[in-house]
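Please look at how the two chains of this model are put together. The account below starts at one contact between them and works outward.

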2 protein chains.
Amino acid sequence: MSNIDIPQAVQLFKNDLSLVIIDQTRLPQNLQYLRLTRLDEMIEAIAKLRVRGAPAIGIAAAYGLYVLAARDENENLLPSLAYAASRLIEARPTAVNLGWAVKRMMAVAAAHARTGENTQGSARAEGPPDFGDGAVYVRGGQQSRERLLAALLAEAEAIDNEDKQLCQAIGEHGLTLLKPGCGVLTHCNAGALATGGIGTALAPLYLAAGRGWQVRLYCDETRPLLQGARLTAWEMQRAGIDTTLICDNMAASLMAAGRIDVALVGCDRVARNGDIANKIGTLPLAIAAHYYQVPVYSCVPLSTLDADCASGADIVIEQRDGGEIGELWYAEPMAAPQLCGYNPAFDVVPAELITGYVTERGILKADELMAPARP
Amino acid sequence: MSNIDIPQAVQLFKNDLSLVIIDQTRLPQNLQYLRLTRLDEMIEAIAKLRVRGAPAIGIAAAYGLYVLAARDENENLLPSLAYAASRLIEARPTAVNLGWAVKRMMAVAAAHARTGENTQGSARAEGPPDFGDGAVYVRGGQQSRERLLAALLAEAEAIDNEDKQLCQAIGEHGLTLLKPGCGVLTHCNAGALATGGIGTALAPLYLAAGRGWQVRLYCDETRPLLQGARLTAWEMQRAGIDTTLICDNMAASLMAAGRIDVALVGCDRVARNGDIANKIGTLPLAIAAHYYQVPVYSCVPLSTLDADCASGADIVIEQRDGGEIGELWYAEPMAAPQLCGYNPAFDVVPAELITGYVTERGILKADELMAPARP
């Protein structure tokens with residue numbers, strides 16, 4: 001893979017204690033890195049989708065909390081950390097990985113506090129949010145501070161590295177679905193820009209490129225936010241992959257012409273029965289693929305499985321502002337705002353339309369998703 | 001229908017001898033009428049899609065030829081008419097109705113020439129194109145000129161009126177598919193802006209509005225040219241119809257939610273077996289409708305039937321410039337040009353996905369399309 005260009009959406013710069021992200025709102029025009037050191041900058045970057053993709057957001061928040069702590073001049077880091085944690089979570093309340101990563105970081109802080117040697121009082125009195133871990137936040141001395149920072153750094157790096165390994169494993173399993181010369185369809189961006197590693201749905205394509213396979217990728221532009229055009233097509237072209245950007249409504253004609261061998265998509269949530277919620281437009285893709293007998297795989301870490309959802313009917317779909325349909329990106333508005341009253345961020349694909357789930361444990365069928373991990 | 005606002009895409013202004021069109025490239029921002037009196041203006045308007053929609057183009061060319069003839073100061077109108085006819089046809093060579101309307105007008109001219117009383121020589125020597133009618137174009141006197149102009153006007157008005165009647169008949173048959181409160185999906189623009197009358201796929205909606213029915217219309221934006229957003233949504237909103245503009249990839253989720261009762265689409269060409277070519281994106285719409293058992297009707301004058309096409313496989317699909325995907329409408333390009341190598345203007349929907357064909361003869365099944373008209 002050494003010759004393949006893989007964008008790094010999120011990085012920790014240890015030397016100058018900064019969180020460095022690719023500003024994804026500037027793509028594909030400009031590859032611009034943002035150096036973030038303050039909480040308000042991090043919140044803004046997450047809220048404005050400068051960093052996006054569930055795993056990438058989680059990693060950014062984890063490194064961000066470390067950066068904030070390391071730059072904090074107070075002896076006791078915990079009150080500011082707790083405040084930052086709650087503010088970061090609010091930046092995109094529906095992003096599951098964001099809350100999950102922040103809670104992992106705060107659990108480290110809480111564990112540190114419980115074992116802190118220089119207990120001088122409770123920071124809880126100063127009003128940090130309760131992370132539900134029952135910890136009493138305490139002040140520590142310099143030695144304690146360094147230990148906490150080391151633990152926070154280790155946890156953030158673990159979150160990042162675990163995601164890199166997940167991507168790699170999904171990529172290797174997914175690679176078995178490809179062969180040189182095949183035609184692949186994807187939707188939205190489940191690539192390096194969305195994760196700490198080589199993505200999920202795009203991971204097999206990076207690995208194929210690394211082997212020198214010529215794979216034809218067709219990339220849905222993914223209205224209305226155009227993640228396919230702005231992010232996936234950009235990222236795949238840089239990786240040297242033969243990429244054709246299409247409008248979402250063109251995929252069916254490619255299937256009819258026999259030019260698509262497999263469709264690889266990401267996933268935002270999997271219900272127990274295998275129904276998935278993914279970016280709006282995944283459903284018509286899957287229906288057309290079903291009609292033309294093109295296999296559709298959802299590439300997804302098993303952490304995306306929501307055991308509380310029996311089926312897709314339980315998944316609440318985020319409705320976004322209609323201005324994204326009528327006005328966003330355009331030089332002039334294309335439709336009056338009152339016309340744009342339906343803008344779901346996701347649709348639900350029934351399990352019967354999903355050929356398989358490419359996970360870190362291998363390619364599973366719907367009824368294998370809930371099975372315990374094999375030893 | 002008196003209270004319903006129906007845009008007139010093409011009009012003849014007899015008093016000042018001009019062809020007046022709505023500049024559809026300025027919609028939805030500006031409703032701007034263009035007054036055309038010169039051949040170069042008419043060619044530009046057709047080539048740049050200021051007037052578009054097969055019937056509307058044909059009507060514009062017919063009125064345009066009349067305007068040019070009426071403004072021609074030469075005693076013999078035929079050489080300039082023949083020149084204008086050939087130039088107009090070249091403005092959009094794949095538009096079937098354009099060639100058809102121009103040939104009807106030139107057949108009138110040729111018939112006039114054959115019966116002209118003041119035969120003074122053949123205009124053919126001056127090199128007008130051969131319209132295949134075997135006519136010898138002749139010069140006539142002032143009386144002959146007035147007669148020719150009257151015949152050209154009558155023919156152009158006949159072309160316009162016939163189209164208005166087709167639209168009305170299709171609308172009345174299509175209205176039987178709707179009921180108050182129903183949800184309708186459409187794609188692209190097969191409305192008043194595309195025809196001389198109330199459109200084809202939108203004709204039933206105009207008639208429903210005229211009856212005061214509350215119908216919910218969902219309108220695909222229709223990437224990449226956005227005819228749905230710019231034209232259909234604009235036109236339907238002005239007619240007082242409850243219109244929701246959606247991205248093309250959102251229709252399936254509406255069907256899954258049971259919000260679409262029927263899909264009405266236009267048609268650019270029908271093959272003998274009932275396969276249709278229509279605007280790109282009609283195929284995935286029809287596949288999703290099939291999956292959710294939503295009926296799909298193609299609203300189409302029988303003149304659109306191409307008896308030379310046995311099936312959709314015989315229909316040659318126009319490939320358009322990729323810049324329409326990556327750059328058109330945007331404030332900044334969304335993708336590099338080399339990524340945009342697939343941009344078919346149409347896709348082919350197999351007959352098995354079409355519930356019926358709403359024609360001026362009624363709602364037909366695929367195997368009834370080729371049957372002779374009932375007496």
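The side chains of B:E221 and A:R223 form a salt bridge, with N and O 2.6 Å apart; the term covers a side-chain nitrogen of Lys or Arg within 4 Å of a carboxyl oxygen of Asp or Glu. Between chain A and chain B the count is two salt bridges. The model is predicted, so local features need pLDDT of at least 70 and side-chain atom pairs count only at pLDDT 80 or more, while totals for chains, interfaces and linings use all residues. Residues are numbered from 1 along each chain as its sequence is written, chains are lettered from A and ligands numbered from 1 in the order in which they are written, and side-chain values use heavy atoms, with hydrogens and water left out.

Polar contacts link 16 residue pairs between chain A and chain B, both residues being at pLDDT 80 or more. Such a contact is a pair of N or O atoms within 3.5 Å; within protein, one must be able to donate a hydrogen and the other to accept it, and residues adjacent in sequence count only if both atoms are side-chain atoms. On the side of chain A that touches chain B, the elements giving two or more residues are α7 (227–238), β6 (242–246), α8 (251–256) and α9 (282–291) of chain A. Helices (H or I, at least four residues) and strands (E, at least two) are DSSP runs numbered from the N terminus. The largest share of this side, six residues, is given by α9(A).

How many residues of each chain are in contact? The answer is 54 of chain A with 54 of chain B, where contact means heavy atoms within 4.5 Å. About 4,300 Å² is buried between chain A and chain B, and carbon and sulfur atoms give 64% of that area. Buried area is the accessible area (1.4 Å probe) that two parts lose on being put together, summed over both. In chain A, the residues that lose the most area to chain B are A:N249, A:L339 and A:Y342, together 18% of what that side buries.

Chain A superposes on chain B by a rotation of 180 degrees with 0.0 Å of shift along its axis, at an RMSD of 0.0 Å. The two copies are thus related as by a two-fold rotation axis; the fit is by least squares on the C-alpha atoms of residues with pLDDT of at least 70 in both. Of the interface residues of chain A, 100% are also interface residues in chain B, so the copies meet through the same surface.

Some local features remain. A cis peptide bond joins A:L27 and A:P28, with omega about 0 degrees, and A:P28 is in the loop between β2 (18–22) and β3 (33–36) of chain A. In chain B, a cis peptide bond joins B:L27 and B:P28, with omega about 5 degrees.
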